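Colleague: Got a minute to walk me through this one? I'd like to hear the reasoning behind the labels.

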Amino acid sequence: MSATTETERPTQAPAARTGDGSEQVFVTPPANISATDNEYVVEVDMPGVDKEGLEVTVEGNELTIIGRRKSDLPEGEACYCESAQADYRRVFELGPDVDTSKISAEMKQGVLKLRVPKSQKAKPQHIEVKVA
């Protein structure tokens, strides 16, 4: 499992086409990936996104995550802003060792946690050696 390289700038993903044919610019959220014998665990930071604004899809060998932020801008003119108000998008390339039918997702305090199980074929197998 690996993150696909979308752009040289790590914070802004390229524009993507929306359902109505227009283009939208997304921000690439930071992610951590860990692996065990049984699964990969992917954690993606997406502050401002709730369950309703989240879209996780698998197509072919690509896992795509889109998070739409709620606009909570305070009234008045912004004097300084380090947080882009764009939505999030991240794409991961899945290896052949992943069982895509059993991926689960949980959103907690702005962090999306995906559990991506490995297929039975990819798990280490212990072979019993018999004495002849």
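Modeller: Sure. Going along the sequence, the pattern reads β-β-β-β-β-β-β-β-β-β. Keep in mind that this is a predicted model. The chain has ten strands and zero helices, and 27% of its 132 residues are buried.

Colleague: How much of the contact set comes from residues 24 or more positions apart?

Modeller: Of the contacts with a separation of 6 or more, 50% are between residues 24 or more positions apart.

Colleague: Let's do charges. How many salt bridges are there?

Modeller: The count comes to four. One of them joins arginine 115 and glutamate 39.

Colleague: What makes arginine 115 and glutamate 39 a salt bridge?

Modeller: The cut-off is 4 Å between a side-chain nitrogen of Lys or Arg and a carboxyl oxygen of Asp or Glu. For arginine 115 and glutamate 39 the closest N and O atoms are 2.6 Å apart, so the pair qualifies. The two ends are 76 residues apart, with arginine 115 in strand β10 and glutamate 39 in strand β5, residues 39-45.

Colleague: And why is arginine 115 called partly exposed?

Modeller: Its relative accessible area is 35%. Buried would need under 20% and exposed over 50%, so arginine 115 lands in between.

Colleague: How do you know that glutamate 43 and lysine 113 form a salt bridge?

Modeller: Their closest N and O atoms are 3.8 Å apart, and the limit is 4 Å, so that counts. This pair also links β5 and β10: glutamate 43 is in β5, lysine 113 in β10, 70 residues apart. Both are partly exposed, because glutamate 43 has a relative accessible area of 29% and lysine 113 one of 26%.

Colleague: What about glutamate 55, which residue does it meet in a salt bridge?

Modeller: Arginine 68, at 3.5 Å from N to O. Glutamate 55 belongs to strand β6 (residues 54-59), while arginine 68 is in the loop between β7 (62-67) and β8, 13 residues apart. Glutamate 55 comes out at 35% relative accessibility and arginine 68 at 36%, so both count as partly exposed.

Colleague: Now lysine 118. Why does it have no salt bridge?

Modeller: The nearest side chain of opposite charge is aspartate 97, 5.0 Å away. The rule asks for 4 Å, so aspartate 97 misses the cut-off. Lysine 118 is buried all the same, in the segment after β10 (111-117).

Colleague: What does the side chain of lysine 118 have for a polar partner?

Modeller: The backbone oxygen of threonine 36 lies 2.8 Å from a polar atom of that side chain. With a limit of 3.5 Å, that makes it a polar contact.

Colleague: And what makes you say that lysine 118 lies over the face of tyrosine 40?

Modeller: The distance to the ring centre is 5.0 Å, and the limit is 6 Å, with an angle to the ring normal within 35 degrees as the other condition. Lysine 118 is listed as lying over the face, so it satisfies the rule. As for aromatic pairs, the count comes to zero.

Colleague: Why is proline 117 called buried?

Modeller: Proline 117 has 17% relative accessibility, and buried means under 20%, so the label fits. The residue is in strand β10. Beyond its sequence neighbours, proline 117 is in contact with Asn38, Glu39, Asp97, Val98, Asp99, Lys102 and Ile103.

Colleague: How far is proline 117 from aspartate 99, C-alpha to C-alpha?

Modeller: The separation is 5.7 Å, with their positions 18 residues apart along the chain. Aspartate 99 is in the loop between β8 (87-93) and β9, and touches Pro117, Lys118 and Ser119 outside its own stretch of sequence. Its side chain also has a 2.7 Å polar contact with the side chain of serine 101.

Colleague: Last one: what makes glutamine 109 stand out in its phi?

Modeller: Most residues other than glycine have a negative phi. Glutamine 109 is not a glycine, yet its phi is positive, about 50°. Glutamine 109 is in the loop between β9 (104-108) and β10. At 79% relative accessibility, against a threshold of over 50%, glutamine 109 therefore counts as exposed.

Conventions:
Residues numbered from 1 in each chain as written. Predicted model: local features only at pLDDT ≥ 70, side-chain atom pairs only at ≥ 80, totals over all residues. Heavy atoms only, no water. Helix = DSSP H or I, 4+ residues; strand = E, 2+ residues; numbered from the N terminus. Buried < 20%, exposed > 50% of the residue type's maximum accessible area, 1.4 Å probe, protein only. Lys, Arg positive; Asp, Glu negative; His and termini not counted. Polar contact = N/O pair within 3.5 Å; in protein donor to acceptor, adjacent residues only side chain to side chain. Phe/Tyr/Trp six-rings, centres within 6.5 Å; stacked < 30°, edge-to-face > 60°. Contact = heavy atoms within 4.5 Å. Lists of a residue's contacts leave out its neighbours within four places in sequence.
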